[in-house]
Each structure stands twice: as C-alpha cells, then as structure tokens.
Amino acid sequence: MIEEYNAASPADRPATELMRFRNAVVALKAAPSQLAPPHTQANRYDDYVYVHQQSMAGHPGNDPGPHPGHRGPMFFPWHREFLRRFEQDLRAVSGDPTICLPYWNWSVDKAPADSGYPFFTEFLGGNGTGAGAVVADGVFAKANGWNLAIADAYDNNPQHVANLSSLQRELGVGAAVLPVEAAVSGALTETTYDAAPWNRTTPGSDSFRNLVEGWVGPQPGSNTHNRVHVWVGGSMLPGTSPNDPVFFLNHAKEDELWAVWMQKYPAVARYLPLDTQPLPAGHTHLKRLSDHMDSLAEYFGGATLDRPIDLLDHKSITWYDTDLPDIVLESGPAVGFTDVPAGLTVGRKIRFRVRSCRPVYFGLTASPTGNFSVVGGPDFLVIPQRANDFETLEVEVRFHAVGANVQVAALDLQAAVIDEEGYYAASPGDAFVVGTFHVELVASSIVTTSSSIALVLDRSGSMADVVTGGLTKNVLLKSATGVLHSLMHDDDEIGIARFDHVADAILTMSPKAAGLGTVLTGPDLDPRGATSIGAGLMVGTALVNGPGASHPNKAVLVLTDGNENTAPLVGSLPPGTVNQTTFAIGFGLPSQVSAPVLSQLSGNSGGYLLITGAMNNAAERFTLAKYFIQILKDATLNQTVVDPAGQLLWNQGAQTNSFSLTEADLSVDIVALCPVPQLLDFTLTTPSGAVITRDSSAAEPNVSYVVDPDVAYFRLLLPALTADPAGSHRGSWEAILRLRDPQEVLEELEEEGDDRAIQAFLRALREWAAQPVPYNLSVHTYSNLRLDAALLQKSFVPGADAAIVASLREYDLPLTAAAKVWVEIRMPDGSTAELELAEVGEGRYALDYQLRLAGQYQFLLRAVGRSPGNGTFSREKVLTAGVWEGGDKPWEPELDGKDGDGQEDLGGLRDLVGRLPGSAAVRERLSRAGFDLKALRDALAAAASPDQPTTEPEPDEVSVDDPEERRELVAELTEQARAAIPELSTPVVRRPKLPGVPGNLFVDDPEPIEPPDHDHDHDHDH
C-alpha cells in the first residue's frame, strides 16, 4: 500500500488504498462504542484498546503466562480474531468493503528511505518529539484530534506520564534495531507450533509461536513481535498499545508469518495443544484446539470466532501477498474428445481456477503425443487482478480426428511462483513449485463424415403449379434433388420417399454412387393427389433408420408445398417416429405449407424450417436448389462462406467473385448453379495467384471438377495444390465465371459421343441464347470454424417476435477473436433492412425482431472477422420466418383427401393433359377433331394457378441429328445471343476547358481589356 501511495501523483494520493485505510481508522475513532456497560468506552476504536488492555490485565510483567492472548499458544489465534473484527469495523464505518489491513514488514522496511516504512506525516505520523515523546504531525497527533482516552503508564518518567493522552513514540530508544531477517527466517525453520510449558519460557527449538512472539530469538533481549513494540516505544509499550495504529500493522505481520508457516508445513499440526492433550494443573488461560479463548466473546458478542480451530484458515478471512496460490483443476484429471467428426480438429480446455496475490507461472513439462497438441505454451502466466476473486487459466488442447477410433495421450503441467522473500524456496527470488498436474487425454467414437440422408418429397397435385420462369414446382424440385445428389460424396447414402394422400419409397437407401435411377427422369414424382406429410415422414424415417442407412450421421429433409389434409397428420404420429435430425422446406407462402407443424418438428429434432415464399420472380430460379444445398451442407457439417448471385452476358468478359479461406478450413466446394453449366468457363485463382481450371483435376489429386444438370462445381481438399501448399489454402481466392464459345462446347460433346448430352445442350442453348444466363455461386467449406444460427418463433400472427441467435466457434470452442455478425432482412413487401446482432457472451450473438407484416421473411445471416490465426473469414446462413392472420389457430384440415380450394385436382387434371403426346402429327389430328390442346392446357394452368400468368409451352424438342445441321444451329444461336445483348457502356465525353472572358461583365458597354503581352513578361519585375 505504501509503495502504491508513493508511486501515485499528488492528485491521486488521497484515493489510494493507504489513505482510505488511514481515513477509516480516523473514522472509527469518531464512531460510538459498542461495548456494554461497565466496559463502554469513548468510541469504537477505544473499544479495541480496552479489550487488549483487559486481556493483559491482572498479569504482572514477570508472569510467564500463558495469558488469554499472550505468552502462550493463543497468541496467534487470539490476535487473528482481534484483527478480523477490527478490519470488519473499518469497512463498516467507511462503507468501503475493500478496506484491508496492511502489514509492516519491519525486518525489511526499517528506515525512512525504505519503500514500506510507515512513519511519515501523511500516514502514521513521525517520531515523538520533546520530553514527552509526543507525536506532533499527522492525523494521529493529539493536536489534530487523536486523543488517548484510555492509556496505561509505561514508565515513571513524569513527562511521559503527563502526556499519556497524546500518542507517544521513541523510535529506536528501547531497542536500537528492529528485528533482523534472520529472526524471521529462523522462526520459519521451526516445524513445531508450540510445546510445554506453553508459555514464554518454551525453548525456541520447540516453538514457532514463541520465536515469533519474541520471547526467544537470535537478538539479545526482545525479538520479532516484542522487539517491534520496544523499538517503537511510547504508547506501544503498555497493554493499551493499540492506541498507536502501528500496533495493527505489527500484528498483521505476525499473522502473515503464521499463515506462511502453515503453508510451508501443511502436514504438521497448525495449533497445539490438541484436544486430546491434557491441560497442566493451574493453567487457567491455556486453551486447546477446540476450547474457547478468553477475553473475546465477552466483549465482541456471539459472532466471535474464539476457538483456535475456527481461525486456522486465514484465507477465509484475508489473503496476504506472500500466500501460496490456491489452484483447482476444474476440468478434472481427464479430458474427453467424443463424437468428433472425422478430419476435423476439436479443442477442449484444461481449466484451472487460480486464487493468488502474486503471478503464477504454469509450465508444460510433458507434451501429449499422437494427434493431440497443446495450443501455445510451453509457459502460461496468470496475473491476478485485484478486483477479481480468482483468475481462470484455460490451456487449450486439440485433437485431430484421424486414425484409430480410440486414442489416448497425456500431458503434465507444473505451477510455480517467484518467492521474493525466500520463505518457501531455498533462496529469495527463486521459483517455488506450488503444484503439479497430470491430465489424461482420451478420444473415442470418431464420427465418419459420410451421411445417410432421406428425402421426403411432396408429389401432390399442386406441385404442377407454375412458379418462376414458367417452370413448375415439380421441375424445380427435380432440379434441386439432382443438384443435392451431385454434391453428395460417393460414399454418402440417399433414400427418397414420396407422398400425396399416400406415401411410399421410390429409392431405397443406396450409396450416392449408385445414382438415382429413374427418379428424376420417370413418372415417380409426377404431381397428383392430396397431402399427407405424416405418411411421408413415416416412410422417410423408416428409410433413414433402416438397414440401408449405415452411417451414424443421419438426416431427413421433408419438402411440401401444401398444408397437410390427409391422415396421418404429423401431430398424430407415434412418439419417437421422428428420431433423427429433420430439416423442412415449405415450397410456398407460410400460410400454405403447414409452417407451425414443420417449424416445431424440425426445431425439436435439431434441424430447421426454410420457406421459399411465392417464387414468382425469375431471380428466384435457384432458391429451392440453394435451400437444398444449405441443408445438405448443414447436415454434413459444412459451412457457407459466400453465396452471391449474378448474370452472365454473351458479349461480356469474366465475372470475378472473391472469397476467403482460413487455416481452419479443411476442404471447400465452389458450386455454380446455372441452367447451362456446360457453357461455363469456370476457373479459380489461389491466394498465390495460381490458376485452377477444369483440367487441373487430371494432375492434382486434391482437385476435382464436376458438371451435372444445373450445376458445375470444384471440390478441393486443402491445401489444393501439392506443389504450392502455402499458397493454395489460407487467404483470398477468386472464382471466375464467363460463358464459353458454344461451338467449342459442341465439339467437346461430339468427341465424347453422348447424344443425350448434345440434345440437352442444344435445348438449353435455344432457351438462353436470347437472354442473360443466371448463376448462383455458393462456396461451402468443411471447417473447424463454424457459424451456427437459429430463428426462434413462438407465434405465427403479425406482430410476433423472432429471436435470432448465433454462435461462432473454432475448434469447437467459442471464437474469441473480434467478429461482426449481422442480418440482411427481406420483408414480405420487398423492402429490406440490415441489423447487427449484439454480442451476448463469448462467441454468442442475438437479435430480437418483430414480424409486423403478414407474409414471408428471409434473413441472410452473415459473419465476418478474423480467426485466432489472423485469417480473414466470412460465413453465411439463410433463415426464414412467416406470419399470417390466424397463424396461431390450430390447423383443422378436412380429411377428405382434397385440398380445400380444389387446386390439387385442377393440378392433377392439368398434369394429365400435359402428358398427352406433343408431336406435330398428334396436334394436327386433335385440331382436325376440333380439340384445342394448347387452349385446354392454358385454361387449366390459369385455373390451377390463378395468380400466375398463362405461359407459353416450351418449344417442341426436335432432335438435330446431323452434325452439320447442329453446327449451323449453334452458330446461328451464338450469333443471336451476341446480338441480343447491347453494348454495356459508351465512352464518357467531357466538355473541354474554355478560357475565361476578361472585363466587367455586369455593364452594357464594358471597357475592352487588352490581352496580356506574354512576349514581354520577362521585362516585369518579379
């Protein structure tokens, strides 16, 4: 405290801990006495003077003891309780619970030049002056109000006796020097607390207590505690010695030495005599471990701790800066890593709770082997903060999940402090080990990344409705299913269930590599019938729980475009039917897709619900496929990095999309959704500038490129390039897209000889030659850095609240690096908003948002920041919500196998007509019979989808088999494509700079101004 005071500026010194302590002592002198008559004193401070006086009263100086608090074993516990009560009163009178009683390290701070010397005016005042040895300076001088109302004489000097009401000191008179350090170190070598005859005559070789109390020791006469009283002299000599506040600093030092001694010898008795030892005859004040000491409770009352046994744990009362730390291994002697996804690295924390007044140094003495590692180190420093009760040290250990299913390792840590005083170590300044910790590391149940996924798909009649771009829901569903299947890994498993008013499996659980058979090309998903989501779920969960689903990572994806109207309903399914993570997609508006039922179903199983909305905008062509991809990636523990959309123009250069990867990312898929993926010139640029093309997969084992209907993607293991690992992992990447020359694509397809692929290419080219080609680029990574998010919605009526919660974790631990998390909101009326989530804990974020408008809301949650490895990262996730009038009313379907508005039946009829032969000959025969097939199709489309405009049917798919005709057709379409897109920009022409007009321009007839003669400028003075 004194050092802090001396280091503070003059303006800051009044607020230092030392001054707050001093002021509290002064305030206690003004507080009323709390002793009952006849012991009542002038003030509360004097109560302590009186109690100490009474503990020594009736015992002449030559009495060997023991006394209630002196000359015997009770010296330490009696004064510890005395100090405890004094400190409590200081806190109470000052209203400051942080007041602490300091100690005076008298064997070190002996002179005014020493940093902890207490006798200066601003603190305790100086030495006594004059014949009466009266302290004249500082707040404890009588002239400044410090009056000694109860003071015993300590000698026969008349001047001393005449000034007993003043604080008196004669520093260095009674004893020339203060206790030496050898007296302290010598006392701390004695391992016995005390011994018979339990008084001041007990030899020092048998009594730590007597060495510290000072009746024996290396110096002649008084030692240690007693010598301090004698060296200060004056008011410190009689039984009323607490009149001098230095009394409390002196006894705090003796208490600190007892605390050090107990920690140095934890195995010996901390107090003697024990309860089992008989008391010698005539020792009325000698107390055993559990006896009540005299002269405490009778003054301080019932809350007094007056048994030695209750005062042995000093840390429950106060801490000293020389205390050894208390260290608790909170995480236990073993740390487990279970259910870790294969290939990922997971972190766990070895957590210590550390209470200390000095820095604690932890060092790793043995490192784990195998796939375990320690982050940082080998040394970890804990610096205590005064405001904290304890500090927490977390040592992160990571496990990389490769290899055997069960792996074991261990590590050893050692904790030490610097023993500046030499109380515990061999020499002052040496390190002293305060604890060793052995921690076992056990990893088990490595979870394969392969997945078993069951799709539960709606094929009810309304799936024939036309949505975006003239495409039906059924067409978009098949496209999204094909994209999901393409992006699955070869050893993943997929099963497909379908439902209308009944349900069955159309693809048993099979490896992805086995393909989808005719699911997407045959009639299995053709729209018909009503909607029984419950029936579909029963079939789908049977698939994912069946023998064909061999992977532990299982998920169900259910899609519907209507409210359930046929039994069994979801709410009537037997308990436990849905026992795997289930995701749901509502293909339509929130009020039309059983949103409350699916939200509860998916949320309770660890999944979530996504709602597409009406999808009546051409820009939403890939919405369903994007939802399928997001769910696939979430089900397989991948993360979305970025997900931008764009359009490619035939006469435009490349479009570049940038994204960042970190050291925590293990693999990445860069996925381009596009209606003509064969036409994409798709390349990647690594952080070092290397270019990865579709042909790189032939030479690079970590690169693959796939083109399937509606999708093209790169799949990279990181680092991607074996010759450049540092430059093909962490950093900024670019995905570059442009449209290829159609003639070039046709030549490649003809070389491959796949006639179906050629005809599909020609159909796509016909469709897109006259318009921009849309694409969506999705980047997904299998990563140790995760954004997890959920939207919680308890009500489905306008005005309901949506709670968005998110977390960022790296190596399965909260991300500690700074990050920004926000959400971009698209509201039902098309307006947008952007709001930042509040950080509500380490790596956790939250936002409450009110859904005021009826309809569908889309929330694009985004996070950016830097990883602990200083790599830039970004993460995205789409969440949806919906509200509508009556949204909280229980859905009560008419269980008649029909949609309430008849849309299923109209859709089914339209589908039947749509499957009539489409050749020119058939149309001609129907026309001659007076049957207008086109008009019937349009009428049914309009009736089944009243909000959609009638669309023209697709042109006849006429095969072009002749190679020359194909090339001519492609050339014609290519020319058409390039001509259809106008020039994107024209040069900006800026007006030339004109000279100013000289003269007065604000009168009718200005005076002419002669132009300057630049030829004679050199004649002018400058």
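Which helix supplies the largest share of the lining of the largest cavity? The legends below take up this point and others in a predicted model.

**View 1. The largest cavity and the residues that line it.** The largest share of this lining, 4 residues, comes from helix H4, which spans residues 75–94. Both H4 and H9 supply at least two lining residues each. The full lining is made up of Arg80, Leu83, Arg84, Glu87, Leu101, Ala252, Asp255, Ile317, Thr318 and Tyr320. The space inside the largest cavity comes to about 100 Å³, and the count for the model is 6 cavities of 30 Å³ or more. Rolling a probe the size of a water molecule over the atoms shows where empty space of this kind is left.

**View 2. The largest nonpolar core, with Trp104 among the residues that have the most contacts inside it.** This core has 107 residues, and Phe337 and Phe362 join Trp104 as those with the most contacts within it. Helix H9, which runs over residues 246–264, gives the largest share of the core, namely 10 residues. A second, separate core has 47 residues, including Ala672, Ala712, Leu762 and Trp768. In soluble globular proteins, nonpolar side chains tend to be buried together.

**View 3. The surroundings of Trp104.** When neighbours within four places in sequence are left aside, Trp104 is in contact with Asp109, Gly116, Pro118, Phe119, Leu178, Val228, Trp231, Val232, Val246, Leu249 and Lys253. Among these partners, Val228, Trp231 and Val232 are buried residues of helix H8, the helix shown in the next view.

**View 4. Helix H8, residues 224–232, and what covers it.** Helix H8 is mostly covered, since 8 of its 9 residues are buried. The buried residues are Thr224, His225, Asn226, Arg227, Val228, His229, Trp231 and Val232. What covers them includes helix H4, helix H6 (181–187), helix H7 (208–213) and H9. Just after H8, Gly233 takes a positive phi of about 70°.

**View 5. An open sheet of 4 strands with antiparallel pairing.** The strands are arranged in the order E3-E5-E9-E7, and the edge positions are held by strand E3 (326–329) and strand E7 (372–374), each of which pairs on one side only. From one strand to the next, the twist averages 25°. Strand E7 is joined by 3 bridges to strand E9 (residues 391–400), and these two strands run antiparallel. Phe372 stands opposite Phe399 in E9. Strands of a sheet pair through backbone hydrogen bonds, either parallel or antiparallel.

Terms used:
Residues are numbered from 1 along each chain as its sequence is written. This is a predicted model: local features need pLDDT of at least 70, side-chain atom pairs count only at pLDDT 80 or more; totals for chains, interfaces and linings use all residues. Side-chain values use heavy atoms; hydrogens and water are left out. A nonpolar core is a set of buried Ala, Val, Leu, Ile, Met, Phe, Trp, Tyr and Cys residues joined through side-chain atoms within 4.5 Å. Buried means under 20% relative accessible area, exposed over 50%, partly exposed in between (1.4 Å probe, protein chains only). Contact means heavy atoms within 4.5 Å. Two strands pair if DSSP finds at least two bridges between them. Axes are lines fitted to C-alpha atoms, for helices over the stretch in contact, and angles run from 0 to 180 degrees between N-to-C directions. On a 1 Å grid over the protein atoms alone, a cavity is a set of points where a 1.4 Å probe fits but cannot get out, and a pocket is an open set with protein on both sides within 12 Å along at least five of seven lines; lining residues have an atom within 4 Å of a point. Grid points are joined across faces, edges and corners, and a volume is the space filled by probe spheres set on the points.
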